[in-house]
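Reader: I should like to learn how the features of a protein model are read. May we take them one at a time?

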Amino acid sequence: MIADLSRRSLLRRLRSDGIVLDSGAVATRVFSRVPEVAGAILSQYGHYPLMDGDTVANYRIGLAPGGGLRRFYRKQVVGSVGVPAPFTPFPVAIAPMMLEMTMNWCVATRSNRYLIFHSAVLEKHGKAVVLPGDSGQGKSTLCAALATSGWRLFSDEFGLFDLQTGMMMPNVRPISLKNASIDIMEERLGKGALSQRLYDTPKGTVAYLPAPEEAVARRMEQAPPAAVIFPFYHPNIERAVRAYPKARGLITLCGGAANYEMLGAAAFRAMRDFVDSHPVARIAYNRLDTAIEMVERIVLEGLSEDEVATADRELTG
Amino acid sequence: MIRWCVPQDRELLWYEREGEAVVFNSASGRSHYLNALINEMLRYIEEAPRSAADIHGHLAGLMDGAEPDNFADRIGDILGSLALQGLIDPCRE
Amino acid sequence: MSSPRHGPQAPMVAALREPARMMALSAPDWEDVIAQGLTGALQGVLAGKARGLAEFEALPRAVRHQFEAVEAVTAYNRRVLAWEANRIDLALRDVGCPVVLLKGAAYNARRLPSLAGRLASDVDILVPKEHIAAVEATLKAAGWRSMPYSDYDEHYYREWMHEIPPLQNIDRGTYVDVHHTILPETGRLKPDVDRLFREAEPIEGSNLLTLCDADMTLHTVVHCFQDGEFAGRLRDLVDVDGLLRDFGQRDGFWQRLMEASDAHGFGRPLYYALHFCRRLLGTGVPAEVWAHLERHKPNPLALAVMNHAVPRAVMPSRMFPATAQVRLAQTLLLARSHWLKMPPLLLLRHLTRKAVVRRKKPA
């Protein structure tokens, strides 16, 4: 495990050959001279395997100190990926977030072997559930809750669909929580479960929930997608489920895949076949436990006739 | 008179359910959501080159006299959109 | 012991020249090759060569996956090029002049196998100079628009370079560059543009044309050795190598290439291109071609400078910033290419102006 290395030895490797973080679908080699990056790796990835010298990483990233004065005063860190990319320097205190963002950039732009959904993905009973959504609509909180109640985490950010196998592929990384959801998850899991809070980041206050050990251990195991569920936290709705009408579900699903147009006919056919025989739905809830229950039911039993019949109606209580 | 067609090089892949459709244009790589009216129009043009008048007549027949106002104009607009998206081209005679 | 950073034995160059050597690359070398494939836009070519290996499945998992990923990108790129050509063909159907596809769009239209892995989706077209205003107007009426340039840059493009500023399609966001010749008019080399049109060949099922095989090859040759920037131009040598491999099989190709080279006066750039293609990429060139080009061979000092500078400068950068040596080599070549394009007085003004403009842009 990476945690078996002393901090000094980890830093030495980061400064020379780099350290490989294997998240399943991809392996990223990290280079850095910034001590806070070593700290971030130990706290978020300490329980990941230490890869040997024969490992070929998919991506190489660097986290360099800020230039000029910022090497010494109000220290900064800036990500790099070998080609021009829009990374600007940030305070070194948020190094863990820079690590995640830089790795995310590589996945988002270079893993076109997969159909990439902006979504959380988790698995239970051998079936994967895909939870698409932008930040701020409750997806990450729900993902964290599911990941800590019996669901195996694949990813909180990028759902990777393998067109060759028709299955989802894990890309196991820490779950990022923002602002209010940090308090919610701390209440559920206890204070020690999350990393320290990072303040004043571009996304507000951020904390990380390290990926559960079982998720890391099983990061190479794919699972077929069983349902696509768009989650909406809504303070006034106790529980509501609406199916998408089939064609609309298909176009919505395709719209949620970042590289859908790139992958062309193969992606269209795969999504068409999926939508034809699997639920694509929206759910609204005001309690996490209700959401967990709904997700589990939809994945195992599908949608009720009523939920399908009312597909055209607005998502209200 | 312009006739519209779906050219030979333009393989369209379809998904039609419950009166709605998604069509994938393999030449442009784009996917489009179509309501029932546009779905029918595009399928009709896919069968053979059609003029706007042909299309108007065909759709009017399906609607049993329940034509919307300014139907000809609407059809013209839709044809323009379909052409812009490269789903149909003006055909050489 | 680390591998050479440039020249024929650099892992990236060796992999392009002798794909079988990919089977023996170390993990660090593989990561370098993947990184350089990325920065040098050569991943697609590497993937194509790797696919030809019997033991492709035995390659490391990350390598296979990255190759599969880039194959999705190159397939997409080919579709974009074909669609853009289709739309341009439709828009310019009645414009009344020949419209010739250049570079990537042309290679794609001709389905040249060695160039299937290219990664560039802008379309370049060549039209006769007297029709350029009509072509520009027709494209604008059909959904393309000019990009906003400063007056100075617009002047640079129109008067000193060989193209109008690129047009962008409003709906798709893609670019088309409209040229009336293939080299800047202020440069030293003057191609025979009439010959280019005379020898151009029609594309079946379309109103568009491509240059003939010899002219297509020479176009890439002169871009290799007479263009603005030289950082990471290994891909241009790879293009030349690809064209020579695909066309070299055809009857009479080398003869046509010599005739075209003479007609355009491109002997020196062709010499350099073939010289470095052979040296780095192992391109096969018949003996009679070397004999014909002997009189275009540069003096020993010039050749020695190029032999030192080019293999270093054309290397794509890896993860960490280019070494000082590579940066110097790239600066030398950049100065040379600007010199070839414009008269000396204009050059000084242009470089000064460009430096000032660059500093004004926000960091």
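Reader: How many residues does the contact between chain C and chain B take from each chain?

Author: The size of an interface is often given as the accessible area lost when the parts come together. Here we count residues instead, in a model that is predicted. The contact takes six residues from chain C and six residues from chain B. On the side of chain C that touches chain B, two residues are nonpolar, one is polar and three are charged.

Reader: What may be said of chain C itself, and how many helices and strands has chain C?

Author: Chain C has 16 helices and seven strands. It consists of 363 residues, of which 43% count as buried. Among the contacts in chain C between residues at least 6 apart in sequence, 68% join residues at least 24 apart.

Reader: How many residues does the contact of chain A with chain C take from each chain?

Author: Chain A gives 19 residues and chain C gives 18 residues. On the side of chain A, the elements that give two or more residues are β2 (27–32), β3 (59–65) and α8 (260–277). The largest share, three residues, comes from α8(A). By class, this side of chain A has six nonpolar, eight polar and five charged residues.

Reader: How is the packing of two helices described, and at what angle do α8(A) and helix α4 of chain C pack?

Author: Two packed helices are described by the angle between their axes and the distance between the axes. For α8(A) and α4 (residues 61–91) of chain C, the angle is about 90° and the axes are 9 Å apart. Angles from 65 to 115 degrees count as roughly perpendicular, so α8(A) is roughly perpendicular to α4(C). M262(A), L263(A) and G264(A) of α8(A) make the contact with A72(C), V73(C), Y76(C) and R79(C) of α4(C). Of these residues, five are nonpolar, one is polar and one is charged.

Reader: How does one check the length of a helix such as α3 of chain A?

Author: One compares the expected span with the distance between the end C-alpha atoms. At 1.5 Å a residue, the 16 residues of α3 (residues 95–110) of chain A should span 22 Å, and the end C-alpha atoms are 23 Å apart, which agrees. The buried residues of α3(A) include M97(A), L99(A), M103(A) and V107(A).

Reader: Let us turn to sheets. In what order do the strands of the five-stranded sheet of chain A stand?

Author: Strands of a sheet pair through backbone hydrogen bonds, either parallel or antiparallel. In chain A, five strands form an open sheet in the order β1-β2-β3-β4-β5, with mixed pairing. The edge strands, β1 (19–22) and β5 (90–91), each pair on one side only. Four bridges join β1(A) to β2(A), and these two strands run antiparallel. Opposite D22(A) stands A27(A) in β2(A).

Reader: Which strands stand at the edges of the sheet formed by β11, β12 and β13 of chain A?

Author: The order of this open sheet is β11-β13-β12, and the pairing is antiparallel. β11 (175–178) and β12 (198–201) of chain A stand at the edges; each has a single partner strand, so one side of each is left without a neighbour in the sheet. The twist averages 35° from one strand to the next. Two bridges join β12(A) to β13 (residues 204–209) of chain A, and L198(A) has V206(A) as its bridge partner in β13(A).

Reader: Which helix packs on this sheet, touching β11 and β13 of chain A?

Author: Helix α4 (residues 139–147) of chain A does so, and its direction makes about 130° with that of β11(A). Helix α5 (residues 180–189) of chain A also lies across β11 and β13 of chain A, running at about 115° to β11(A).

Key:
Residues are numbered from 1 along each chain as its sequence is written. Chains are lettered from A and ligands numbered from 1 in the order in which they are written. This is a predicted model: local features need pLDDT of at least 70, side-chain atom pairs count only at pLDDT 80 or more; totals for chains, interfaces and linings use all residues. The expected span of a helix is 1.5 Å times one less than its number of residues. A residue is buried if 20 or more other C-beta atoms lie within 10 Å of its own, exposed if 12 or fewer, and partly exposed in between; C-beta atoms are placed from the backbone. Two residues are in contact if their C-beta atoms, placed from the backbone, lie within 7 Å. Ala, Val, Leu, Ile, Met, Phe, Trp, Tyr, Cys and Pro count as nonpolar, Asp, Glu, Lys and Arg as charged, and the others, Gly among them, as polar. Two strands pair if DSSP finds at least two bridges between them. Axes are lines fitted to C-alpha atoms, for helices over the stretch in contact, and angles run from 0 to 180 degrees between N-to-C directions. Angles under 35 degrees count as roughly parallel, over 145 as roughly antiparallel, 65 to 115 as roughly perpendicular and the rest as oblique.
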